[in-house]
Amino acid sequence: MRRLLNTLYVTMPDAYLACDGENVLIKAQDEIKFRIPVHNLEGIVCFGFAGASPKLMYLCCERGVALSFLTGYGKFMGRVTGNVSGNVLLRRTQYRWSDDNNTAVRLSRRFIAAKIMNSRAVLHRVLRDHPEAVDQDSLRRAIQLLAGMPKRLEQAKDGDAVRGIEGEAARLYFTHFNELLLSQKDDFQIADRNRRPPTDRMNALLSFLYTLLTHESVAALESVGLDPQVGFLHRDRPGRPSLALDIMEELRPHFADRLAVTLVNRNQISAKGFVIKENGTVLMDDDTRKAVLTAWQKRKQEEIVHPYLEIKIPLGLIPYVQAMLLARYMRGDLEDYPPFFWK
Amino acid sequence: MAIYSEDDFLMLSGIQHMAFCERQWALIHIEQVWSENVRTVEGKHLHERTDDPFEDESRKTLRVVRAMPLVSHTLGLRGIADVVEFYQSKEYEAGKVCRLEDRTGWWRPAPVEYKRGRPKRDDRDAVQLCAQAMALEEMMQVSVVSGFLFYGQTKHRESIAIDATLRQHTVALTQRMHQLFREGITPKAKKGKHCSQCSLVEQCQPYWMTQHRSVEAYLARMCCVEEEDR
Ligand code: SF4
């Protein structure tokens with residue numbers, strides 16, 4: 001299995017990225033603050049207004065290192081990509097499949113079935129581990145309802161039907177999401193899932209984690225030669241990485257939601273680390289963002305047995321593995337796409 | 001034999017990948033899978049030239065040409081020869097010698113391919129040399145009877161006869177390359193001993209697909225909820 005390399009997160013607003021031969025340099029006030037060989041990197045994510053030299057961008061393109069730019073608040077702005085990987089024939093298959101309702105729906109069902117089962121597993125975990133802390137009856141009922149949805153999904157004839165079931169599942173899941181909080185319950189209550197802009201701390205946290213996951217999913221798809229912008233469930237929209245959002249569906253509960261809950265439950269972040277603006281929108285402060293990034297990096301190193309391949313790999317490679325499995329399905333190596341299920 | 005148009009040309013150096021493993025060739029040349037190992041191979045030769053104990057450019061009877069672009073319309077390949085050596089011939093030999101722009105007399109060309117490692121068990125280096133020889137023949141209207149493989153690790157230079165068997169294998173490999181490329185096929189992995197020395201083993205993952213698991217059974221298993229979960 002491929003090695004899991006580092007992602008470099010640059011959060012200093014006055015940082016400037018440059019390179020010196022094979023090394024990536026981070027400079028601030030004309031001083032070199034950090035240096036790392038490019039072959040240790042999988043991606044670089046810049047938050048806020050960090051500058052980068054064209055030579056560094058060139059190096060990233062050449063070495064297949066994904067260089068993304070996000071706003072200081074974590075909104076994805078763009079990325080520098082090279083022409084290094086890519087099989088135009090594979091992408092053509094992707095486009096044809098995306099235009100073909102039957103195939104698009106079939107794949108959408110896979111993504112969403114896994115998402116629903118994984119959300120269910122997240123709820124199930126808290127019921128099992130902390131039965132005294134939760135509303136057992138209501139949770140049990142939600143878990144059961146969620147478990148029945150993949151079967152209904154199989155009947156879905158088009159994208160709207162799939163999205164309908166997905167929406168229903170998401171509502172059910174997020175209504176019970178607060179049950180997962182075992183400490184700081186009041187401060188991190190989620191009202192409902194809202195994104196732009198987030199209006200409670202949990203939403204701010206989730207949005208940020210989803211952005212990190214997007215970066216990794218986009219990079220994973222690109223590295224196997226798929227076009228991250230052309231999806232099956234998510235429709236094309238300029239600038240939207242629809243396919244990355246598709247494969248993220250199955251990854252969100254385990255990668256992002258559980259991590260958010262853990263951060264709160266272990267008091268690794270606190271309510272004070274969030275700024276609430278006059279209009280009610282909520283932003284993370286720098287220290288909180290750093291704490292989240294550190295936890296995210298650590299989480300990626302954790303090993304997990306991939307449910308389909310039945311091999312042990314670091315969690316951080318899962319987006320890459322799923323992208324690869326999807327590409328193999330498109331190439332005809334596999335008879336169907338095996339999404340990621342977390343049990 | 002087919003005459004390929006420039007549009008259909010493939011990379012000459014790819015023939016060594018093809019001889020090693022069809023899938024490896026397809027991953028590099030069709031899928032354009034990126035691998036540092038593969039990409040830097042060509043550039044790295046340059047540094048090893050200086051190690052070549054046989055190199056002597058000052059001889060009046062030898063002309064050493066570096067980085068010579070080659071094309072072959074019959075093979076449909078394009079590439080660059082590391083080095084082509086031209087040996088002065090005392091006399092004219094029909095079909096064996098050619099003229100050089102800036103020199104007088106008759107010259108006999110021989111391609112030299114530099115390899116970082118050591119001699120291989122298989123003929124992947126020889127077929128690459130042979131393809132170069134065949135391209136040279138086509139371009140300079142001369143027949144090439146032998147060439148050299150120089151191995152950096154052993155500092156050894158081997159003379160390779162460009163004979164009929166080698167030519168046939170070279171042509172067969174080239175035709176297969178064109179067929180796969182035309183049809184856009186990446187052959188499935190054939191797991192074998194060679195995988196352990198393959199620079200693309202991470203991207204290829206031959207072990208995933210050879211022990212095939214049913215996706216259908218997997219989906220059924222993962223979506224049906226066990227009793228204890230309730
Ligand atoms: S890993 Fe094995 S099957 Fe795959 S490309 Fe390399 S040699 Fe071929």
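Me: Two strands count as paired if DSSP finds at least two bridges between them. How many bridges join strand 2 of chain A to strand 6 of chain A?

Reply: The model is a predicted one, and in it strand 2 of chain A covers residues 16–20 and runs parallel to strand 6 of chain A. One of the contacts pairs A:Y16 with A:G51, which lies in strand 6. Set against the cut-off of at least two bridges, the number joining these strands is 2.

Me: Which strands of chain A stand at the edges of the sheet?

Reply: The sheet in chain A is open, has 4 strands with mixed pairing, and follows the order 4-3-2-6. A strand at the edge has a single partner strand, so one side of it is left without a neighbour in the sheet. This applies to strand 4 (31–37) and strand 6 (51–52).

Me: Over how many bridges do strand 2 and strand 3 of chain B pair?

Reply: In chain B, strand 2 and strand 3 form a hairpin with 4 residues between them, and B:G76 in the turn has a positive phi of about 70°. Along the hairpin, B:M68 has B:A81 of strand 3 as its bridge partner. Strand 2 spans residues 62–72 and strand 3 residues 77–89, and their antiparallel pairing extends over a number of bridges equal to 10.

Me: Where does the ligand sit?

Reply: The residues around the ligand come from chain B and include B:F20, B:C21, B:Q24, B:H194, B:C195, B:C198 and B:C204. By class, this shell has 8 nonpolar, 2 polar and 1 charged residues. The search of the whole structure gives 4 cavities of 30 Å³ or more, and the place in which the ligand sits is the largest cavity.

Me: Which helix gives the most to the lining of the largest cavity?

Reply: The largest cavity holds about 90 Å³ of space and is lined by 14 residues, with B:C21, B:R23, B:C195, B:C198 and B:C204 nearest its centre. Two or more of the lining residues come from each of helix 2 (22–29) and helix 6 (201–204) of chain B. By class, the lining has 10 nonpolar, 2 polar and 2 charged residues. The element that gives the most, with 3 residues, is helix 2 of chain B.

Me: Is B:Q141 buried or exposed?

Reply: B:Q141 lies in the loop between helix 4 (124–140) and strand 5 (146–151) of chain B, and its phi is near 50°, a positive value in a residue other than glycine. Its relative accessible area is 65%, and because the term exposed requires a value over 50%, B:Q141 is exposed.

Me: What is the relative accessible area of B:K155?

Reply: B:K155 is found in the loop between strand 5 and strand 6 (156–161) of chain B, and although B:K155 is not a glycine, its phi is positive, at about 50°. The residue is classed as partly exposed, with a relative accessible area of 41%.

Me: How far apart in space are B:L219 and B:G95, C-alpha to C-alpha?

Reply: B:L219 belongs to helix 8 (residues 215–223) of chain B, and with a relative accessible area of 13% it is buried, as 48% of the 230 residues of chain B are. Between B:L219 and B:G95 the separation in sequence is 124 residues, and the separation in space, C-alpha to C-alpha, is 66 Å.

Notes. Residues are numbered from 1 along each chain as its sequence is written. Chains are lettered from A and ligands numbered from 1 in the order in which they are written. This is a predicted model: local features need pLDDT of at least 70, side-chain atom pairs count only at pLDDT 80 or more; totals for chains, interfaces and linings use all residues. Side-chain values use heavy atoms; hydrogens and water are left out. A residue is near a molecule or strand if one of its heavy atoms lies within 4 Å of it. On a 1 Å grid over the protein atoms alone, a cavity is a set of points where a 1.4 Å probe fits but cannot get out, and a pocket is an open set with protein on both sides within 12 Å along at least five of seven lines; lining residues have an atom within 4 Å of a point. A molecule sits in a cavity or pocket if more than half of its atoms lie within 2 Å of its grid points. Ala, Val, Leu, Ile, Met, Phe, Trp, Tyr, Cys and Pro count as nonpolar, Asp, Glu, Lys and Arg as charged, and the others, Gly among them, as polar. Grid points are joined across faces, edges and corners, and a volume is the space filled by probe spheres set on the points. Buried means under 20% relative accessible area, exposed over 50%, partly exposed in between (1.4 Å probe, protein chains only).
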